[in-house]
Amino acid sequence: MNTSSQLSFLNVCFQLIFSLQNQQVKPPTVIGQFHTLFFGSVRMFFLGVLGFAVYGNEALHFSCDPDKREINLFCYNQFRPITPQVFWALQLVIVLLPGAIFHLYAACKSINQDCILQKPVYTVIYVLSVLLRISLEVFAFWLQIHLFGFQVKPIYLCDTESLGKKPNILKCMVPEHFEKTIFLIAMYTFTVITMVLCVAEVFEIIFRRSCFLFKR
């Protein structure tokens, strides 16, 4: 992905974050606002800048022995059924959906932060949106492990039997494998932190709802 595409991606991501933050209805919890504005922006910035810098030209530098274009492309598609930056971009969009849908619903119903804490039905809907976000993060975490593992090895053994090539197993060089391993660990860390923040947000809203009922 070229520089202009990276800038476009960042622009769209930040516009989405800040548009959610500037809506009439903000997350009713401190943790929710922190997650939406600060951590969400940091995560998107990390992916938009460093992610495309590390993975952007991976296919061009992925080479096998013998170094032929058709073999390199075949083995790279086998090595990467989906590119990591595309997977993480989809993950971010999907994880943002529950909150975006709730904000749209709240805007249509003119629901403010106090209503979310005061009316049980709105509290339940908001908590369900957070729980759905947790479920999506857990699923993405599992899928990321299945697709990418925890370490990028410098050598990939490509099975070329379907191409009718001999030998059937070719060695391919994975560029910048150490940087990719570090980035993988960082993205796992972001996912875990997001899940922890979501769980903490559920407890915070339950606590604040209980305090509201107690004061009544």
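## Sheet, helices and cores of a predicted model

The 3 strands form an open sheet in the order S1-S3-S2, and their pairing is antiparallel. Strand S1 (63–64) and S2 are the edge strands, each pairing on one side only. The model is a predicted one.

S1 and S3 are joined over 2 bridges in the antiparallel sense. Cys64 stands opposite Cys172 in S3. On the S2 side, 5 bridges link S2 to S3, and these strands also run antiparallel. Asp159 faces Ile169 of S3 as its opposite residue. Strands of a sheet pair through backbone hydrogen bonds, in either a parallel or an antiparallel way.

The side chains of S3 alternate along the strand. Leu170 and Cys172 point to one face and are buried, while Ile169, Lys171 and Met173 point to the other face and are not buried. Helix H4 lies across S1, S2 and S3, and runs at about 105° to S2.

### The chain as a whole

The protein chain has 8 helices and 3 strands. Read from the N terminus, its elements follow the order α-α-α-β-α-α-α-α-β-β-α. Of the 216 residues of the protein chain, 43% count as buried. Among contacts between residues at least 6 apart in sequence, 76% join residues at least 24 apart.

### Helix H5

Helix H5 covers residues 84–109. At 1.5 Å a residue its 26 residues should span 38 Å, and because the C-alpha atoms at its ends are 38 Å apart, the expected and modelled spans agree. A kink of about 40° lies in H5 at Leu97, shortly before the proline Pro98. After H5 comes Ser110, whose phi is positive, near 55°.

Gln91 is found in helix H5. With a relative accessible area of 5%, under the 20% cut-off, Gln91 is therefore buried. Leaving aside neighbours within four places in sequence, Gln91 is in contact with Arg43, Glu137, Ala140, Gln144 and Thr191.

### Nonpolar cores

Which residues of the largest nonpolar core touch the most other members? Of its 28 residues, these are Phe62, Cys75, Phe79, Trp88, Tyr156, Cys172 and Leu184. Helix H2 (30–55), H4, H5, strand S2 (155–159), strand S3 (169–173) and helix H8 (177–215) each supply at least two residues of this core. H8 gives the largest share, 6 residues. Another core, of 14 residues, lies apart from it and has among its members Ile111, Cys115, Ile116 and Val130.

Cys172 thus appears in two settings: as a residue of the largest core that touches the most other members, and as the residue opposite Cys64.

Leu184 is in contact with Tyr55, Trp88, Gln144, Phe148, Gly149, Phe150, Gln151 and Val152, leaving aside its neighbours within four places in sequence. Among these partners, Gln144 is also in contact with Gln91.

### Arg80 and the start of H8

Arg80 lies in the loop between helix H4 (69–79) and H5. Is this residue buried or exposed? Arg80 is buried, because its relative accessible area of 6% is under 20%. Beyond its neighbours within four places in sequence, Arg80 is in contact with Tyr55, Glu58, Phe148, Val152 and Lys180. Tyr55, Phe148 and Val152 are also in contact with Leu184.

Glu176 lies in the loop between S3 and H8. Its phi is near 50°, a positive value in a residue other than glycine. Glu179 lies in helix H8. The C-alpha atoms of Glu179 and Val152 are separated by 8.8 Å, although the two residues are 27 residues apart along the chain.

The table sets out the accessibility of four residues discussed above.

| Residue | Relative accessibility | Class |
|---|---|---|
| Gln91 | 5% | buried |
| Arg80 | 6% | buried |
| Glu179 | 40% | partly exposed |
| Glu176 | 44% | partly exposed |

Glu179 and Glu176 count as partly exposed because 40% and 44% fall between the cut-offs of 20% and 50%.

Conventions
Residues numbered from 1 in each chain as written. Predicted model: local features only at pLDDT ≥ 70, side-chain atom pairs only at ≥ 80, totals over all residues. Heavy atoms only, no water. Helix = DSSP H or I, 4+ residues; strand = E, 2+ residues; numbered from the N terminus. Expected span 1.5 Å × (residues − 1). Bend = angle between axes of the 7 residues up to and from the residue. Buried < 20%, exposed > 50% of the residue type's maximum accessible area, 1.4 Å probe, protein only. Contact = heavy atoms within 4.5 Å. Core = buried A, V, L, I, M, F, W, Y, C linked by side-chain atoms within 4.5 Å. Pairing = 2+ DSSP bridges. Axes fitted to C-alpha atoms, helices over the stretch in contact; angles between N-to-C directions.
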